[in-house]
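Here are my notes on the model you sent round, set out as numbered points. Please read them with the structure open beside you.

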Amino acid sequence: MRVHLCGVRGSTPAVGAEFTGVGGNTSCVALAHDDEAAPRLVLDAGTGLRAVSALMGGEPFRGSILLGHLHWDHTQGLPFFRSADRPDAVTRVFVPEQGVPPLELLGRFMGPPSFPILAPDLQGSWSFDSIDEGTHVVEDFTVLVREIPHKGGRTMGYRIDDGCSSVAYLSDHGPARMMGPGPDGFGPYHEAAMELCTGVDLLIHDAQYTASELPFRLNFGHSAADYAVGLARHCGAARVLLFHHDPDRTDTEVAAIERAMRRGEDVSVDAAREGETIWLGASSDTA
Ligand SMILES: [Zn+2]
Ligand SMILES: [Zn+2]
């Protein structure tokens, strides 16, 4: 499969020359089958979702968006997804089950008085459904869904498999706050995380903080980069992408964290950078 990194920033967009190398758009990753030109499965709808339209080659989007949770940085791109907001587009949106109808949840932030239009006002065919833990088939991918600890609303981690390769996506994951320090001091490698990540080809994981920042920022429910690398090592992931960069983190600082996390690990570590495409499977590579 192809993995398009369309938004890699956490919390709120980062604008300015010091952020352009890593990119300032918030969480959005688009997945495409090897034999298809356009992505059909999109993970999260942060401001990076606008970049998915550029991958569509002028065609309408016909696929699904899996929202890991409903925080601003994972939803604010939804009304600006031009390839889906057209009469010939077909979009299915999946929202983590939390006992409230999906459209009611979305309407709390996408609708008057917070926003001029409601989700159903978008053009094209849209459906909005809840998704819960378990194994699902979405857009011909096998998707394992597990709840993971974050903060403020139910958050899902996803493992996506196309039969040849697999990706785990835990964009916002902060086990240290709720579950304690674990073996390395950054949070335990708990059962849901291990199930999502064991043996994956690519782990895309929350790396918002440094180890020294984590104790002072636990309240936001994120991880240190050290946890992302530790989890990758514990679960035998081939490669980990440090994702959900803090909005204040400059290109220089992200590169420094990347270097520090590469300290002789047996797992391949890279910082996620907006605009990159990763090929998984027989011809694995990054562009
Ligand atoms: Zn986030
Ligand atoms: Zn969040």
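**Notes on helix 5 and its surroundings**

1. In this predicted model, the buried residues of helix 5 pack against helix 3 (191-197), strand 11 (202-206), strand 12 (239-243), helix 6 (251-261) and strand 13 (268-271). Helix 5 itself spans residues 225-235 and is mostly covered, with nine of its eleven residues buried; these are Ala 225, Asp 226, Tyr 227, Ala 228, Val 229, Gly 230, Leu 231, Ala 232 and Cys 235. Just after the helix, Gly 236 takes a positive phi of about 70 degrees.

2. The sheet deserves a description of its own. Seven strands make up an open sheet, ordered 7-8-9-10-11-12-13, and their pairing is mixed. Strand 7 (134-138) and strand 13 are the edge strands, each having a single partner strand, so one side of each is left without a neighbour in the sheet. From one strand to the next, the twist averages 20 degrees.

3. Within that sheet, strand 10 (residues 166-170) pairs with strand 11 in the parallel sense over four bridges, and Leu 170 has His 205 of strand 11 as its bridge partner. Helix 5 packs on the sheet, where it touches strand 11, strand 12 and strand 13, and its direction makes about 160 degrees with that of strand 12.

4. At the strand 13 edge, strand 12 and strand 13 run parallel and are joined by four bridges, with Arg 239 standing opposite Ser 268 in strand 13. Strand 13 has a covered face, made of Val 269 and Ala 271, and an uncovered face, made of Ser 268 and Asp 270. Helix 6 lies across strand 12 and strand 13, and runs at about 175 degrees to strand 13.

5. Which residues have the most contacts inside the largest nonpolar core? They are Val 29, Ile 204, Val 240 and Leu 242, in a core of 83 residues. Helix 5 gives the most to this core, contributing seven residues. For Val 240, and leaving aside neighbours within four places in sequence, the contacts are Leu 203, His 205, Ala 228, Val 229, Ala 232, Val 267 and Val 269.

6. Tyr 189, in the loop between helix 2 (175-179) and helix 3, is worth a look beside helix 5. Leaving aside its neighbours within four places in sequence, Tyr 189 is in contact with Gly 182, Met 194, Gly 230, Leu 231 and His 234. Tyr 189 is nevertheless classed as partly exposed, because 18 other C-beta atoms lie within 10 Å, whereas 20 or more would be needed for a residue to be called buried. Tyr 189 and Met 179 are ten residues apart in sequence, and their C-alpha atoms are 9.8 Å apart in space.

7. Some backbone geometry should be inspected by eye. His 244, found in the loop between strand 12 and helix 6, has a phi near 60 degrees, which is a positive value in a residue other than glycine; His 244 is buried, with 30 other C-beta atoms within 10 Å. Glu 139, in the loop between strand 7 and strand 8 (141-147), likewise has a positive phi in a residue other than glycine, near 55 degrees. Glu 139 counts as buried because it has 20 C-beta neighbours inside 10 Å, and the cut-off for that class is 20 or more.

8. The peptide bond leading from Pro 112 to Pro 113 is cis, with omega near 5 degrees. Pro 113 has its place in the loop between helix 1 (102-107) and strand 6 (125-131).

9. As for the protein chain as a whole, its secondary structure comes to six helices and 15 strands, and its C-alpha atoms fill a box of roughly 50 × 45 × 40 Å along the principal axes. The radius of gyration is 18 Å, which agrees with the value near 19 Å that a compact globule of 287 residues would have. Buried residues make up 51% of the 287 residues. Of the contacts with a separation of 6 or more, 66% are between residues 24 or more positions apart.

How values were computed: Residues are numbered from 1 along each chain as its sequence is written. Chains are lettered from A and ligands numbered from 1 in the order in which they are written. This is a predicted model: local features need pLDDT of at least 70, side-chain atom pairs count only at pLDDT 80 or more; totals for chains, interfaces and linings use all residues. A residue is buried if 20 or more other C-beta atoms lie within 10 Å of its own, exposed if 12 or fewer, and partly exposed in between; C-beta atoms are placed from the backbone. Helices (H or I, at least four residues) and strands (E, at least two) are DSSP runs, numbered from the N terminus. Two residues are in contact if their C-beta atoms, placed from the backbone, lie within 7 Å. Two strands pair if DSSP finds at least two bridges between them. Axes are lines fitted to C-alpha atoms, for helices over the stretch in contact, and angles run from 0 to 180 degrees between N-to-C directions. The radius of gyration is taken over C-alpha atoms; the globule rule is 2.2 Å times the number of residues to the power 0.38. A nonpolar core is a set of buried Ala, Val, Leu, Ile, Met, Phe, Trp, Tyr and Cys residues joined through C-beta atoms within 7 Å.
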